[in-house]
Number of protein chains: 2
Amino acid sequence: MDYRLDRDTSNCSIARTLEVVGEKWTILILREVWYGSSRFSDFERVLGCPRNLLAARLRMLVEEGILATETYKEPGSRSRPKYVITPKGVDLVPAVMGLLQWGDRYRADPEGPAVLARHRGCGAHVDAQIRCERGHAVQAEDIESVPGPAFRMRPAG
Amino acid sequence: MDYRLDRDTSNCSIARTLEVVGEKWTILILREVWYGSSRFSDFERVLGCPRNLLAARLRMLVEEGILATETYKEPGSRSRPKYVITPKGVDLVPAVMGLLQWGDRYRADPEGPAVLARHRGCGAHVDAQIRCERGHAVQAEDIESVPGPAFRMRPAG
DNA sequence: CTGCTGAGTATAGAAAAGTAAACTCAGGTG
DNA sequence: CACCTGAGTTTACTTTTCTATACTCAGCAG
């Protein structure tokens, strides 16, 4: 029984988050909600994603409380549903910013990124940083991972 | 031609990062590298991931420069390869911390998280935050996304 | 030179995910 | 009342992943 190798990984928060947002299209849908899309046809048009998957992913995001449905009404048409982000969805922003930032650094076109994130008002470039509760900037090497309250070992076998 | 809906999304940095780390197991392998695993058998044991997929993901991570191979030698055995993280891999930490943090908040067991991240030395809890270059903490609502140097519209059609 | 071990590769079958295209359904328009 | 539109559902097909087992290969031990 090795402390690291025989621990139970089924309650890992990273794995659990990936169960929700780890399927193809899910994060890209959130990206578009971010950038202002809200209608089924918006997502379909900008993502080029198959309708059945789009419907399934939207349904799942709503069930999970990451998106919520509202209705909109175009003059001369009936009311239709639209999708808006919830606070629970907003809390995914740091993770998505982290992905964005890595791509900007290592996989951008020669000219640079396709999209820039700025602090509204101040205008300065925005990114995801690791900080401790006391406000210190933390280097990845200075993060210590220790067993938490739900830590447990994998049942032997 | 709508500015948002008809832009070319193929050079999106989020999508490009997901091309590298978006497959199942990839981020979980990185998590284990983090927590101290380095050998093929370590990953197999802790993740329970099929060998062929594990071999494929490790090969890809090495090709991408996120992991590198070194050798280790157990007394009485021959040299064998092990996998260590590179600076390019370390730069994925903010994204993974973002996922961890969301899972801790919304999907943890009732007792709390399985693992806690602390600032070595100071001991305070660590998380991913959004900041601008001038050091201001930024709320998700105050992020403004603007077209960058590689922004382009999708070819009409 | 035979066996053992860690690190893989090879292969085959089952399940899940992805893709494409046709179809449905409700309500508003002409 | 036939037609149009946005928002899906259904179905058929392809690809990817998953699981499980068997096999290889290098070098150290006996």
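How far from a phosphate oxygen of DNA strand C does a polar side-chain atom of A:Trp25 lie? The distance is 3.3 Å. This value, like those that follow, was computed from a predicted model, in which local features need pLDDT of at least 70 and side-chain atom pairs count only at pLDDT 80 or more, whereas totals for chains, interfaces and linings use all residues. Residues are numbered from 1 along each chain as its sequence is written, chains are lettered from A and ligands numbered from 1 in the order in which they are written, and side-chain values use heavy atoms, with hydrogens and water left out.

The surroundings of DNA strand C comprise 23 residues, of which the closest are A:Lys24, A:Arg57, A:Arg78, B:Ser41 and B:Tyr72; a residue is taken as near a strand if one of its heavy atoms lies within 4 Å of it. Sugar or phosphate accounts for 73% of the atoms of DNA strand C within 4 Å of the protein, and bases for the rest. In chain B, an N or O atom in the side chain of B:Arg80 is 3.1 Å from a sugar or linking oxygen of the strand, and a polar side-chain atom of B:Tyr83 is 2.9 Å from a phosphate oxygen. Two or more residues of the surface near DNA strand C are given by each of α4 of chain A and α3 (40–47), α4 and β2 (79–85) of chain B. Helices (H or I, at least four residues) and strands (E, at least two) are DSSP runs numbered from the N terminus. By class, this surface holds 8 nonpolar, 5 polar and 10 charged residues. Ala, Val, Leu, Ile, Met, Phe, Trp, Tyr, Cys and Pro count as nonpolar, Asp, Glu, Lys and Arg as charged, and the others, Gly among them, as polar.

DNA strand D is surrounded by 21 residues, with A:Tyr72, A:Tyr83, B:Lys24, B:Leu53 and B:Arg78 the closest. Of its atoms within 4 Å of the protein, 65% belong to sugar or phosphate and the rest to bases. A polar side-chain atom of A:Tyr72 is placed 2.7 Å from a phosphate oxygen of DNA strand D, and an N or O atom in the side chain of A:Tyr83 is likewise 2.7 Å from a phosphate oxygen of this strand. A base nitrogen of DNA strand D lies 3.3 Å from a polar side-chain atom of A:Arg78. The elements giving two or more residues to the surface near DNA strand D are α3 (40–47), α4 (51–63) and β2 (79–85) of chain A, together with α4 (51–63) of chain B. The largest share, 4 residues, comes from α4(A). The surface near DNA strand D has 8 nonpolar, 5 polar and 8 charged residues.

Between the protein chains, 90 residues of chain A are in contact (heavy atoms within 4.5 Å) with 90 residues of chain B. The area buried between the two chains is about 8700 Å², and carbon and sulfur atoms give 57% of it; buried area is the accessible area (1.4 Å probe) that two parts lose on being put together, summed over both. A:Ile14, A:Trp102 and A:Arg107 supply 9% of the area that chain A buries against chain B, more than any other three residues. The interface between chain A and chain B counts 16 salt bridges, defined as a side-chain nitrogen of Lys or Arg within 4 Å of a carboxyl oxygen of Asp or Glu. B:Asp109 and A:Arg152 form a salt bridge in which the closest N and O atoms are 3.3 Å apart. The two chains also share 49 residue pairs in polar contact, both residues at pLDDT 80 or more. A polar contact is a pair of N or O atoms within 3.5 Å; within protein, one must be able to donate a hydrogen and the other to accept it, and residues adjacent in sequence count only if both atoms are side-chain atoms. On the side of chain A that touches chain B, two or more residues come from each of α1, α2, α3, α5 (87–90), α6 (93–106), β3 (115–119), β4 (126–132) and β5 (143–147) of chain A. The largest share of this side, 14 residues, is that of α6(A).

Within chain A, domain 1 spans 1–86 and domain 2 spans 92–145, with bounds from an automatic or database domain assignment. Their contact takes 8 residues from domain 1 and 6 residues from domain 2. The area buried between these domains is about 500 Å², 87% of it from carbon and sulfur atoms. The count of salt bridges between the domains is 0.
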